[in-house]
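This report looks at salt bridges and at how accessible some of their residues are. Please keep the sequence and the structure at hand while reading.

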Amino acid sequence: MTASPFGDIYWPLDPSLIGQFSDPKDFGQLAAPLRDSIWTMRRDCHAVTGGWLYCNSGYRTPWMQWLLRHGRVKGHEFDARYPASPRTALPGSSNHQRRLACDLGGTQAMLHWCNLNSHKYGLSFPVPGED
């Protein structure tokens with residue numbers, strides 16, 4: 001057990017990661033190949049729909065991933081038998097933590113355009129229900 005602002009919690013990762021935050025809305029914190037593909041797709045989507053896609057959630061620290069799961073499956077943050085709803089990766093295993101995932105936001109028309117065209121930019125929607 002590890003002490004945290006939430007009391008004693010199960011935390012099998014490096015204790016120095018507790019309490020570390022990032023700005024999950026900042027495209028600039030994503031890995032270069034993903035960031036560049038999204039920027040190009042945003043530009044092209046804007047040209048067609050007139051709107052700008054935004055980053056709902058990009059890079060998350062392991063602590064932020066734990067907080068997300070804590071809010072969805074309290075007490076089971078590291079237990080894969082509890083996938084959460086919406087589906088949420090375990091801390092230490094999320095593509096968001098590796099800067100390789102970004103949940104995009106925008107109007108229905110913009111997101112529909114993304115679904116139809118994401119493959120042109122090497123992007124996909126690997127999590128069920130996020131397409």
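With which residue does Asp36 form a salt bridge, and how far apart are the closest N and O atoms? In this predicted model, the partner of Asp36 is Arg35, and the closest N and O atoms of the two are 3.8 Å apart. Asp36 counts as partly exposed, with a relative accessibility of 42%, and Arg35 is likewise partly exposed, its relative accessible area being 23%.

A search of the whole structure finds 4 salt bridges, and the table lists some of them, including the pair just described.

| Salt bridge | Closest N and O atoms |
|---|---|
| Asp36 and Arg35 | 3.8 Å |
| Arg60 and Asp103 | 3.4 Å |
| Arg81 and Asp79 | 2.7 Å |

Consider next the pair of Arg60 and Asp103, whose closest N and O atoms are 3.4 Å apart. Arg60 lies in the loop between strand S3 (54-57) and helix H2 (62-72), while Asp103 belongs to strand S4 (residues 103-105), so this salt bridge ties together parts that are 43 residues apart in sequence. Arg60 has a relative accessible area of 9% and is therefore buried, since buried means under 20%.

The pair of Arg81 and Asp79 has its closest N and O atoms 2.7 Å apart. Is Arg81 exposed or buried? Arg81 counts as exposed, because its relative accessibility is 69% and the cut-off for exposed is over 50%. Its partner Asp79, at 15% relative accessibility, counts as buried, so this salt bridge joins an exposed residue to a buried one.

Notes: Residues numbered from 1 in each chain as written. Predicted model: local features only at pLDDT ≥ 70, side-chain atom pairs only at ≥ 80, totals over all residues. Heavy atoms only, no water. Salt bridge = Lys/Arg side-chain N within 4 Å of Asp/Glu carboxyl O. Buried < 20%, exposed > 50% of the residue type's maximum accessible area, 1.4 Å probe, protein only. Helix = DSSP H or I, 4+ residues; strand = E, 2+ residues; numbered from the N terminus.
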